[in-house]
Each structure stands twice: as structure tokens, then as C-alpha cells.
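Subject: Model handover and interface notes

Hello,

Please find the model below, followed by my notes on its interfaces.

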Protein chains: 4
Amino acid sequence: MALSAFFNHPEAAVNAYYALHSLQHRGQEAAGILVGRTVTNGHGPCRKFAIHKNNGLVLEVFKDPVLLTHTLAGDVAIAHNRYSTTGASGKLENIQPFFMNYREGNFGLAHNGNLTNTRVLREELKDLGTIFQTTTDSELILHLIARSGAKDQIGQVRDALRTVRGAYSLAMMSDTALIAARDPNGIRPLAIGRIKRADDEWAYMVASETCAFDIVGAEYIRDVQPNEIVIIDAHTITTGEIRSVSIVDDPPVPTHCIFEYIYFSRPDSKIFEENVDRVRRKLGKKLAHESPVQPEPGRKVTVINVPDSSNTATLGYASENQKMGNATKYQIGLIRSHYVGRTFIQPGQDNREMKVKVKFNTVKGVLKDRRVVVVDDSIVRGTTSQALVKLIRGAEPKEVHLRITSPPITHPCKYGMDFPSKGELIANQHGCDVKKIGEALGVDSLEYLSIDKLLESVPHVNSEGKPIGYCTACFTGNYPVPIDEIAERQVANDD
Amino acid sequence: MALSAFFNHPEAAVNAYYALHSLQHRGQEAAGILVGRTVTNGHGPCRKFAIHKNNGLVLEVFKDPVLLTHTLAGDVAIAHNRYSTTGASGKLENIQPFFMNYREGNFGLAHNGNLTNTRVLREELKDLGTIFQTTTDSELILHLIARSGAKDQIGQVRDALRTVRGAYSLAMMSDTALIAARDPNGIRPLAIGRIKRADDEWAYMVASETCAFDIVGAEYIRDVQPNEIVIIDAHTITTGEIRSVSIVDDPPVPTHCIFEYIYFSRPDSKIFEENVDRVRRKLGKKLAHESPVQPEPGRKVTVINVPDSSNTATLGYASENQKMGNATKYQIGLIRSHYVGRTFIQPGQDNREMKVKVKFNTVKGVLKDRRVVVVDDSIVRGTTSQALVKLIRGAEPKEVHLRITSPPITHPCKYGMDFPSKGELIANQHGCDVKKIGEALGVDSLEYLSIDKLLESVPHVNSEGKPIGYCTACFTGNYPVPIDEIAERQVANDD
Amino acid sequence: MALSAFFNHPEAAVNAYYALHSLQHRGQEAAGILVGRTVTNGHGPCRKFAIHKNNGLVLEVFKDPVLLTHTLAGDVAIAHNRYSTTGASGKLENIQPFFMNYREGNFGLAHNGNLTNTRVLREELKDLGTIFQTTTDSELILHLIARSGAKDQIGQVRDALRTVRGAYSLAMMSDTALIAARDPNGIRPLAIGRIKRADDEWAYMVASETCAFDIVGAEYIRDVQPNEIVIIDAHTITTGEIRSVSIVDDPPVPTHCIFEYIYFSRPDSKIFEENVDRVRRKLGKKLAHESPVQPEPGRKVTVINVPDSSNTATLGYASENQKMGNATKYQIGLIRSHYVGRTFIQPGQDNREMKVKVKFNTVKGVLKDRRVVVVDDSIVRGTTSQALVKLIRGAEPKEVHLRITSPPITHPCKYGMDFPSKGELIANQHGCDVKKIGEALGVDSLEYLSIDKLLESVPHVNSEGKPIGYCTACFTGNYPVPIDEIAERQVANDD
Amino acid sequence: MALSAFFNHPEAAVNAYYALHSLQHRGQEAAGILVGRTVTNGHGPCRKFAIHKNNGLVLEVFKDPVLLTHTLAGDVAIAHNRYSTTGASGKLENIQPFFMNYREGNFGLAHNGNLTNTRVLREELKDLGTIFQTTTDSELILHLIARSGAKDQIGQVRDALRTVRGAYSLAMMSDTALIAARDPNGIRPLAIGRIKRADDEWAYMVASETCAFDIVGAEYIRDVQPNEIVIIDAHTITTGEIRSVSIVDDPPVPTHCIFEYIYFSRPDSKIFEENVDRVRRKLGKKLAHESPVQPEPGRKVTVINVPDSSNTATLGYASENQKMGNATKYQIGLIRSHYVGRTFIQPGQDNREMKVKVKFNTVKGVLKDRRVVVVDDSIVRGTTSQALVKLIRGAEPKEVHLRITSPPITHPCKYGMDFPSKGELIANQHGCDVKKIGEALGVDSLEYLSIDKLLESVPHVNSEGKPIGYCTACFTGNYPVPIDEIAERQVANDD
């Protein structure tokens, strides 16, 4: 999932559209933009809300240009890309952003992450006469805000966030402000930027990744900090100051999702204050150090990437392997099609293989008769890797060695990453026996990066010199935030 | 607006689709079907809900056949046609049916009518921490049900309906039952029917008009009575008994919407226990009696209908005018196109006139040089009548006399009919001076039916011998249910 | 099929759109508009062509408003509604208008009717090296024009039309003129009109029926005569004169399609110089004269129409039946839905019955316990009549008498009407035994109009006092133009 | 443009769909598939044709899965991707494949390339009474085949191909055979492959590039030779023999389009019997040799690719630059979005820059303060390069050096590549002064590959040892096939 929000920009929706597009990799299932247009009526200034959301890629959902320029005209916007983490995908009512009208006025919310005490809270609220119109954990936050006894809106938001647990990066829009927040553990990323408008005034934005700043010409200011609620409003525009309050009083050491660095974020983004591509290059190097591949006599070993997810890490692997004395050649052995959309239909029988063939092809001259090292970022179910190895074998390499820049995934994510159940993870199917996994994939050798080397590749203090940690639950089963129940998000209405 | 619901039918959604189609005249803006599929899980039998709704005609919204046969597979369904009564039309979140998950489980609702104490209730609920995700009055009912302290669900529904005021015919779907209800005044219609299934078991249905029974082969049982909540559930299937509870303890004499007979219902429906076409024929006769048109010497007067809304009434008018000694010929002087859809685009400048031309054409041979009487059901803004008279004048009749089978509309409807504000009603623009209105429309004479004759045309006792009355507020300003405020439905979020 | 064309109108495509809409009843399968925009390039004035055509109703095919106002901007247009007369329906390349670039420049054509010597001509042309890109007979005319040795374009058109046989009403567009033509027998209609433009200049149009003139505000000038080619060009604009040449030298007495009067044309049109509704009323009267229905003692006989195809004829029948001493009441016993589009899906099993139910419903109070006479225009396969009778029986009339305002259809049309093969015509299935047909349809009595009375109902001299005749082949098998072969239109490419 | 064709495969259309998808880079404007289904009717076996084509990407045009599995069921298929080379883009009638019915039966054609004597031939044919229904040069070939006096179909095809001049790779489908051909100069590629079916029988295919073989699991047999017509029919299936005839008697030395190697073909294809990626690596090396970039003292020079068009060439450049003693680091400095479709809308003002931003982003850590070498394949108008350089400058590199793996483009292509007119080519705008071009693009230095080095990078004998040459007209103006006129394809109907 991804979110983005804009404040004080005359073309808020157009910017949100571009931002969502740049964050498309974080969620291809659905997209939505909620805008507020500041107007003055009899009771003083207020904000008219308009929303459009639907299943599909950003460019499909907003393909009617009238939407962005007319229907969604406004100066404030919050926007969301949905990534299916539950079976209830496709349900229109579950697409974000959400909005409500409550005691304080209108209010919108976009949520990236996954809460972990939803069921208990939901039951408690239902006992109090609350109705739920979606099956998402995000709706819960709205109810908690509306039910808070706090006098001001920020207090209400803080009350709500003190009640929920789990992972959340949030963008919220009230009648007067853009409010952003991040859970005390800071599991998902969220950054603040600003855009100089044509009239030299500043517009502000938040986004899941900084690549969204680049596409709209914004400059990065800082991250929303773990445990922080930031308020961007008229005061911010006048003074440049971004007000901020804490969520809990004694926050833990943050535990950022390390998988954001491994796979999920774009390499051109800065995440948790560090460039993603820098981490990926390190992951490749550490992996080569741990698990090099030696050349055959007289021939360099051929190292190839899986475009585009392992591009940078492969460069790191290749250079380090070379440095270790193994004659190494980085090659482009796989070509990725530019035309594979979400809606690609695949008539015909053998779907899994065809899915890979439609996306990738081999460069035969590069692979034939070679000792080939394929560097990839991770293995989840293993089905794609299997098909990919088969495709590569079709180009008749001498050997295929697979190197993965992360440890074996053995546990599902509870904080918003779309992993399958334990039983479907290939590592668990083979008792975490790397050799057996390699055999199942059809490679001559398989090596994963160790958890130690993984942790060596990422920063451990932030820009203020404070210590930071990482969530590695998918590799270790150590969940930093308690989980109340399993499959939480689907408590109602669903099949 | 229209609603329909089915219980214990293996193809509930298919039937709902046909029913909505037959009720399309009551709402062309949006349509939705919510189905429940009874399944058994670990906790016993429960009902899985699935919904599809969108802007458009029924045949557009459900044009993908997979929807009805797969997505919406189920044995219970509630369905709704939306008719824009507010400016917030087009908003997806406002399309019915609505559903919620609350303390008692899943619950769906379709509402026909308009509540009149919404604003106060909404404010009260908001003060208690309730959030509103739509701008409809119908959502309010859901909150009231969920907040009721009553122990059983029917008690909760009754609590809620005792709290709201105004016009409502409701179909509700819980995990175990289909619940239907009608406000104490019985303003909007709602009837109960049953269908014999192939296996000789009975399925039950409710619908706004009985024409929906005909299309699916159901037989009419009886009306949901004013002030009645009926429960159709497993008990009904087993015993044939439809349980019933009252809403308020001392209900008023019902005040049915008389405009349903004049215009809104289909002539092939039975409404408020009376055939609509029978009333319409009487309206025509009474009007001829009050305002006949004499022939010119030696030539019959030509009486024409405005297809198809005044077809039956025109027959009544023509026969009575003849009976009064005026040589009269009923003729088809206007042809209506079968191909005018909701989405008809009208490029070019003079839109109002073109709208009429695209829909109607004159039969010149019938009108030329004749004294023509045009019988129509009602005049609201007058713009369509104006254009129609101009069209008829193009066929060169000698004279055009307009006869309307209802009194002048002078007040907006507060109970769900989509009339404009007082100032836009043509009758008010001319101080209810019929002569001036006729001049504005361009006719040689104009006459309306009197309110007395109107009331003479409709039944005044029901099938049980009890007295019934009518809401004539649009003609008289006498609103039978108090109105708290104006423009009630649009309290939030809207532009 | 229907065609329409405009010359010298700045919004030619917008007008063509409205004209096609008013002619929609003549063809619901596909629609197309070809426009010419007069421009001046280096070589003098020429005409840029643009075209849009697709399967669907006019309002679907042209639903993007940019099409009419921008893509199809121009001052000349020819337009066509397609009505499937062959199995090759749905093929985009077969949708009209067609256009070609040939020796004389650009040329477009729209054709209403059916040629009867296609196969021989097509083989001859293929032997000369001609290629066919469609499976229509209309393409043949283009090839014949291009291959003509005549010096001027009108001569080329005449050469081509002297070569083909059968039924054709044509609108053609060259770089300088709008050319219209009608076959020597004048089987299909075609009329000429003119529109006064805002600047007082005249625009000209032709159309299959005069109802197309009404919708765009044109006045009827005259019919294109059988055997006539008319040329509307700059000369016409300057002088008001419409030049004209004959096709063959010794034309036969015209044989107009009598079925146009019975069913195909709109009642508000003038066809073959006579008002359609006038003929229909006569048909109803003659039928009552031949086959009256007597009332039961003390009760009027109830006469109902099948909306909207038999509306006018039923009025004629009812008044004549009354005049013959039978107490008769014209009633509205069937209601037709306004919302049945071409694309109506019909989930569920019993399709034929559902098709009728979705379109029609009975008014029970009018039919119950009555002797009912249903007046309809014609019976082709009988399946719709059967389902309709069953529907009417559901309203529990005492008796159902079916009266048809045309003779039994016993032969397929070779000139463009979409009738099925001989064996599928219900009349042939029962050896033209009217009693047996009535039994098959489930009525108490069935009567058809006799061929003699049919011919008595239509004019036999035209406005110039010349004799005219009618094609009655579908009732008699007397085909006025020789037929070379069967299933002519489908000579290639088709399944 | 691209084409593909299949013979003797039970799922010919499904395969064609995948093949077109893999060739999507050669034409994103429109796509079409024509299939033949072999059936037996009264006259013996014949082939039923069915076609579907439309504007859009392959996955859009064929998104309805019924198309491939039902509508286009058949065992023979020819398929085409259109790439707009003229202003008449978007016209449905111009989308390939084309088909005709002529003397010999049904016949379909797909054409890749551009003819150069179209105007003269078209005028000649028009004088003989031929009509043109498209504005393409490809239709001409159909007419020439139909008009040929040759007795057998292959003779007719040869006659036609002896008459036309220019570039053509063709796939043709008759009632009995798949026929493929390539012009005597062999300007565009075309290869033959075969697929082993599940029943061990062979199916045959042709395709513009061999990447289409990979996606459907076909093996490469050989190229269709320049000047060759090959016939794949029942004889081929029985014997494995592919019959072949020559077009002209004294063919020239082939002149393959060298731009296919530089940019147009996919790197995973074999073209003109050579792997594309191999040539591209050489181009990069030769360019480094001619125009190396030296590092700053103590820092490696950073070499980046423009993904994905210059990926392989950049590797070649980087390794050769290193080998020449310049400390070099290949880096991923630009990220390309996977979600930019053909239909991406770009609301907002500065379109050209936004187009680049939506497609590319920089990896700031890699570029900042570096001496950066950007390797790209070619520069046409220069507008994209300009925007790209601006984007890169935003990452604050110290210097930007642009290296192009081809010479300056100075002449338009007449053989099917979509280049603009001379005046729009940036090289011509600056008198081919490389320094000035570089200034216009905003780089610190710009160097092109020389024509000599370009020619050194490609093979000069074919697999049979025969000499082959190249068309370098876009760099040199030496057109190997005479050009009759300019803007040939647009002779009629167009705006």
C-alpha cells in the first residue's frame, strides 16, 4: 500500500495522481483520491470534499481527464494505492481513502499498514452500537476518533492512535488541516516534502516514498517520525512551522520493516532516511562475500539480474565476486517486457509458465554454455522462481546458481506485506533446508543472505543519532508488536 | 425510488434484476443489489453478503452477466433503484442498498421515501461519537438500529423506526430474515408476494409496485400495512405465516401519496390496494366532466395523449367528453421514440426543444386544422409542456387545449418525490392564475383537475374497511408529517 | 435499413445523428456516418472525408460527443442504420457507409435495400481482377461505378445502376455533390427535404422516412422518384434546382414495398407520398369489416393494441367494429417498458417468455373476464405472438381473439426485409390453415386481413397522377424483380 | 510494424496473440489477427476467415478472452502490430491484416515496411477502374495480385511483388497456404520457425523477430531470404519441405536496415542471422574506443544507461572505457517506471518534461557530484534527450557527457521507420555540428558513433557466405531503393 497527500496546492488532485503513479509498485489493485476544496459559506470557511476511487491501476482509475481537473478540483488531497492483503479484494467499499462526517465536521483518512488488535476493538465498538460499513481495520480508526472525548481534533486522533496497535502510516484531512502520523514502531515509511508553487508560496506533501517527491518536483524535508503526529495547516503556510505531537509517552526503539529495503521500495527512494539503492548494493556485496561463485577455468562467471527488482543488488554482487578473485562478468541475460499490465489475459493452459514468459525472455547468446549466477531479492512461494529457472535453462547454460539477497522467508507479515500463509512459503515446505529448496527450484546451487549480513547492510542510528532497529519477523518470527489474532482484517461480510 | 427484495429463492439476484427493471420508471439514476448466500461455517449457519451497485440504468449496471449468476449468487436479495432527490446524485457511496456489520451480525437496508427529522437526529448521533459515511437519511436508520438497547433485532428495528419520522418503505436483510416495513402514514407503497419455486416450495418477495410481481411470476399476497414491520424468515417458509409487529402504538389514519396514482406508478400496478389504471381512467373522466371541450361545428374534437404517461387518463377524458355531448375522437397525435436512453447526448444548441423532439414527434395528418385537446398528467416546471406545445403547433392544429389530470403543483414534496423548489414550479410563477399559466405554455385554454375531483377518484376505505386518507401536500401545502427543516438530506460532504 | 444524407449544412454530422436516431426502428444493429469537409488545397477545392461506424444503437455508436463536433466536422454527410439481413452481422467491415478513392476522387455510398443479381456480377468482376473487401452487395455498386467507361460521374453512377437489379435507395457523396437514387421499381422509400439555415441559406437532405425531416426541422420537398438519380450540388445551392436523370429508359410501373405501410415505417412518416398512420387506420377498419368480433350479451368487447406497433390500426379496428353494431371498447391492456435496449441481458432459463415479459405487462383489471380482441400488424415466426398470448391469458380474459392487419406471410423478402426462410414462417408450418395457426398461438380465433382489402387501403396513383403498384411478394410469392439466386449477400468470407 | 503468422496450429490465434505481445515494441498503435479455420463444405475443404482488429495495445485490443478462443478459432493466422508512420493513424480501415475475396478465393495479408512506388501504381490502377478502400500502400499489393494474369496463386504473388518497389516483409494467407515474402533488398527482417505440437506434428510460424518464437516455444529454422517467397502448406506438413520461389531474377546485394540493430529490435532477438544484443555490445565498445571519457583524479567515471533501450550497449561502453585505462563504474542512475502505458494521461501544463518524469527517475546517490556518462542509442528530434538531461541535472552531477551508439540522423526513413521530416531532426537544426547539438541538449560533451565503426559492428556475410550490406540512409542519405515521391502513403481520404 502507498499513500500521498497534498496541502495548499491549487492542483492537489493532479499532483496526487502523479504521486500515486510513482508509488504504483506498492499497490496495483485499486486507487483513490479524496480532495478538499476550501470554500466560504455562511458559517465561515469550510472544505467541500469530493472523492473518486476504483479497482485498477492509477492510470485506469483516473483515465477520464475530467476527473482530475474538474470533479476533483481542490487544494488539499489525500490519495491511496491499494495492495491486496486480504481476500476481500475487489470490494469497492474497502478502497481507500475513507471519509466520514462527524461531530467536528468532515474527515478523510488514508492508511498504509496493518493493525494487530482490530478484532477486540471492533467487538468493543460494536457492543457500544457502532456500525461497520467496510471490512477494513482502517475504518476502526475513524470510529475511535469520533468517539474520543478529547476536546480538539488532534487530541481525538491521538486518543485513537493510542488505542490501536500495529503498523500504520496515515494521512488525514480535516476541514482545516492535513494530519500525518506514524505508529510508535515506525514500521512503514512516511516522509514530508514541500513544493514551491508558481507564486513562490509553499505547498506541502507527505508520501510513502520520496520517489513521489521527485515526480512532482517537491523537496524532501524530513520523515514523519515514529510515534509522531504532524499537523500541516494555515499556521504552517504562514510560518513554515510544522507542529507535532507524540502518540504514546514512552515509545519503543523503532523497528522499521527491513523488507522495504530488500524489495518493496523503489531503488530511487530514500526510506527511513537512507537511499534504497545504497542498501541494495550492499546486500549484493554481502551476499557475494558470503556465497561467491567461482568461475570455470578460463571463463568468467556470468552474473545476471532479474529485471528490475534485483538490478542494483546484482551490480553489487558482481563487483564483490570479482573483487574476491572470481573472474566475473555482469550481463543482461533476461529481458523484461514493458507491456505487461495488470489485466494481461493469458488464454491457454499452462498459466504459471506463460506468466513468466510473457514478462521475461532470455538473451541466449549471453547464457548458453555459461556458469550463470542469477541474483534475486527474495523467494516467497517459489513458483515464479521455478518458472524463471526453467526459462533460463531453455537458453542452455552450463549451470544455474541462484543467490538471494535476503534470508529465507518463514513467517507471514502481520504489518501489511502481502505474504501467504506459513504453509505456502517454499522455505517451510522444505524445512528450511536450503539444499532441498534449491533442488525444488531446479538450480545447481542456492544461497540466501544471512540475517546478520542483512542487518549489517542497514543503518542503526538515525539522523538525530538515536538508535533504530528493524522488524525481521518474516525471517525470524520475532514480531515486535503483539498480534491479537490471525487474519484480522476479515471479520465481516466476506467470502 | 423503488425497492424489491426476495427470500428463499435460489436465484434471488436474477429475480431482483428483473424486478428492478420493471420498476425502472421509479429511478433511473443508480441501481444496486445486495445478496445473502446462506452457508454453514464453524459457528452454524450464517449469511455471506455480496453487493454490486453503480450509477446507471439497471441494464447498464448489471450488464456483465457474471454479476448475477456468480458474484451475486445467493438466496436472499434486497435491491434498489435510485432516483435523484438531491444534488448529491452521482456519489457512489450514496447508492443503496446499504449494509453494515454490527453487534447482531450483518445487516442490509433499502429505503424508498424521505425522512423529515434527519438533521436533529444526525446531530444527536454525532454528539454521541457516531460517524456518517454517506449523506443520506437512510444511513441514519442503520445507526439507530445498532444503538438500540432492545434485545432482539426486530425490537431494534422498531426502536429505530419509532425515532425517525417521514416517509419510508423499507426492505432489510439480516443474517436470518427479510424484514419489511412501512411508515405509520403509509406514504410510499410496498407489497408482499410469493413465487412458487420449481420444487413447489414458496419464495417470498416485497416490491414497491405489483408490476414487479408480474415480471417474476409472483402472486400478490397483500400490502405491507402502514405502521407495520413484517418478518419473513425460516418460520415463514415452514408455516406460511408472515409475522408482524406494529411500529407506533397509536398510528394516524394513513395518508398515501396521491401522486403515485397520478403519475409515478405504472398503470399495470396495483398500489394501495387499487389498480392504478382504474384511478387514471377516473381522473380523465372527472376532468372531462369539469372541463370539457366542445367541438367546432361539424367536426369532432381531437383528443390526444402524451405517450405513455397520460394514455389511460386520455381514454377516460375522451369517452366522458363524448358522453357529455361533445363529438370527440381519440387519436394518436404524438409518437414516442423507443430509443431514448438516459445517456442520450444532445449536441447542438437548443437543448430543451431538442430533448422533446428526440422523444416525441407529431402525426401531422391527425392534428392539422383540428381543435386538439392534449391530456397530460401534471405540470411541474412547465418547460417540457412548453416545448411540447410548440412541437404540436408545428403540425398546424387550429387550437390547442391542454387538460391536466391533477391540480396545480404549488409545494415541493418532502417525502421523496423529486420536485423542484417552490419558485421553480410554474404554478407559483404565475400566482396560480391558470389563465396566465396557459398563456405561458402557449395553449388556447388550460384546465386542471380540482382537488375535490381528484379525491373522488381514489378509494377511501381499505380492504379491511378501515378509512384511508391521502397526502396532497404538493397541491395544498398540508404536510401530514411534520417537517423539521428544509433540504434535509444534504447535511454533509456535498457541493 | 435506413439512410440519411445532408448537403451544405455546417453541422452535417449532428443532423445526421438526429436523423439516424429517428430512423433507429429501421435498423438497430449498427450505425455509421461519413462526412465530407470542403477545404481548399493547392489543386482547388476538395473534400476531406472522415468516417465513424460501429455495431450498436446510434446513441451508443456516437456516445463520445467529440465524434460529432470534431472528428466528423463537415458540411456534407451520408449516414446509415444497419439492420441485419444476413448472418454476417457484427462484421465491422460490412457496416455502411462505404467509401472509396477512385479515378474521379473520393466517393461514399449508403444503401438501403437488397440487390438480386449480385452473384453473377461479382463473379464477372472477380474474373476481371477485382477484389472484394466486404461481403455486401453494396460494395458491388462502387466497383461498377469505378469501372464504368462513362466520362462524367453521373454517367458512371447510371451505368452502375443499369447493371444491378433489385431494391436500392442510395445516398452517395462525391467530391462535389450529394447524389441520391432509387431503383426503377421504387421498392424502398427515399424523400428529399431542405432546412433553412440560420443565415437563410438552404441545406438539403434525403432520408428513408420523413420523420427524419421533423427531428431536424426540415421541410419535405418530394420523393426521389423510382428510376431517378438526383444531384444536389453547388448548382442546387445557387439556383434551388435539383438536377435529375433517369436510370433505365423504359421503367416499369413502380412496385412499392407494402410492408413499409403495415409495419416497418413509423406512423408519423409520409411514405410513397402517403401518411403511414392514415393507411394503418384504414387497415384496421378494413380488418374489422372483414372480421368483426361480436360482444357478449350486455358487455362490450374489449379491443387492445400491441404497443406501439399496432396503436393506430387498433383505433381503426375498434371504431369500425363499433360502427358495425358491435359494442366495443378500446382499452390499453398491454404496457410496454421504455427501458428495453438492444443489449438487455436475460439471465435465467426460459428466454423467449422472459423476452416478452421484460417488454410487456398486462393491465389485469382491463382484461379479466373479458372477450378480448388483440390487434397486431403481422405474424412472422409466431414465437413472440405465442408468448404474448400466454402473457395475456395470465390476466384471465374470457376469450382472446387475434386480428392481424395483413395477410399471412408465406414467402421471404428478397428486397431487404429481414424475414426468415420459408420453413420458419408460421403460416407455412400450418399449410396456411388459419384455424391451425390460431390453435398453435393459443387464441380462440385468429383472422388475417385479405390481400384485396390490404390493397384497397393504399394509394394507386401518385401525386402526378401516374399509376403505382405494390410488391406483395411476402404474401403472394409474386416477386416483381427477378431473383438470380438465394442467400445472395453471403458469397464470401462468412461462417 | 511487426507481423507474425501461424500454420497448422489448433490455437493459431492464441499463439498469434502472444507473438504480437512479444513484438509490441515494434508498434503500439493498433493490432489485428486474421484467422482461417479449415472446414469442409459441399465443394471440398475451404477456409473460413474471421478477423478482429482495433486501435490500442495487443492486450487492449484482445482483452475479451472470447475473441481468441471462440471468435478467432482456427488453425491458420496472420497478425500485425501497427506503428504509425503516417498522419492517417487511428483510422480503423487502415489497420492490418487486410483481406480480400477475389477470383482465387479468400486471401489475407500483413505487411511490414514501406513501398516506394505507390503513387504511380495507384494512379495506373485507378485508371483501370480499381477502387481503394484504404490509404495504405499494402492494399496495392492485393490489387496487383488479383489483376495478375498468372495462372497459379504463387505466380500472382510474384507478379505483384515484381511490380512494387521498396521495403516489405509479408505474411499472406490463402485458402490453402501460408505465404511469406521479403523484398529483394531484405530491408526488414522476417524469420521462419516451427513448433512441436502436443501430438508431435509440426506447426509453422513466421515472425518479424525471433523473440516471438521464444514466447510460443518455437524453434528458429531460418530467415525468409531477401527476394524469396516461401510457401507453407499441406505439402510442408507432410514432407517438412518449405517450397520457395524467387521474386526478381537478378537481385541486388541485400541492404538490411541497420537501425534494427541500433534501436528497433529487441536485444533478445536474432535479426538478419545475428544476435541483437551482441551487436549492441559492440556498438558500445566501438563508441568507447572512439569517444572515451576520462575519470576525474581519484574518482571513477560513472557510466549509466537509459533503461531499457541502451542497457547492453552501456555495458559495452563501460567495459571498454575501463579497458582503455579510464577508471569506470557502470551504475544504475535512471529508474524506469513499469506502469507507463500508451494511454497515460498527463494533465497539467508542462507536458514534455512530465512525459519524461512519468517514465524515468534518477537515483540521486549515484549521480550527485559525479562525472556522469549517459549512453543512449540515438537522437531523433532531441526533445526527449533534452528533458532527460534536465532530469539528470536535477540530481546534481558534476558533469553530464552524452554518448550515442549511432551517427547523427540526418535523413528520414522511406522504408518504414517513423522518423520526422528533415527539418525536425535535431542534427539538421544545427548543421550537423555536434558541439552545437550538445549545447542544445545541455550536456558537457556529446559524441556520436562514426558510420565506419557502426558498420564494423555488424556482419558482412551471411550464413551461406554471401555478402550482405546495410541501408544507412538515415545517416547518409544513400537510399538503396529508388523513391518515386515523398509522403507516399497518404494519397487519399486523409486530413
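A polar contact here is a pair of N or O atoms within 3.5 Å; within protein, one must be able to donate a hydrogen and the other to accept it, and residues adjacent in sequence count only if both atoms are side-chain atoms. By that rule, two residue pairs are in polar contact across the interface of domain 1 of chain A and domain 2 of chain A, both at pLDDT 80 or more.

Some ground rules. This is a predicted model, in which local features need pLDDT of at least 70 and side-chain atom pairs count only at pLDDT 80 or more, while totals for chains, interfaces and linings use all residues. Residues are numbered from 1 along each chain as its sequence is written, chains are lettered from A and ligands numbered from 1 in the order in which they are written, and side-chain values use heavy atoms, with hydrogens and water left out.

Domains of chain A

The bounds come from an automatic or database domain assignment. In chain A, domain 1 covers 2–252 and domain 2 covers 278–337 + 349–456. Nine residues of domain 1 of chain A and six residues of domain 2 of chain A make the contact (heavy atoms within 4.5 Å). Taken over C-alpha atoms, the centres of the two domains of chain A are 37 Å apart.

About 650 Å² is buried between these two domains of chain A, with carbon and sulfur atoms giving 55%. Buried area is the accessible area (1.4 Å probe) that two parts lose on being put together, summed over both. There are zero salt bridges between the domains of chain A, a salt bridge being a side-chain nitrogen of Lys or Arg within 4 Å of a carboxyl oxygen of Asp or Glu.

Chains C and D

A turn of 180° and a shift of 0.0 Å along the axis lay chain C on chain D with an RMSD of 0.0 Å (least squares on the C-alpha atoms of residues with pLDDT of at least 70 in both). The two copies are therefore related as by a two-fold rotation axis. Within chain C, C:Thr130 comes closest to that axis, at 3.6 Å (C-alpha).

Each side of the contact has 31 residues, from chain C and from chain D. Because 100% of the interface residues of chain C are also interface residues in chain D, the copies meet through the same surface. The area buried between chain C and chain D is about 2,700 Å², and carbon and sulfur atoms account for 47% of that area. The rule finds zero salt bridges between chain C and chain D, but eight residue pairs in polar contact, both at pLDDT 80 or more.

Regards
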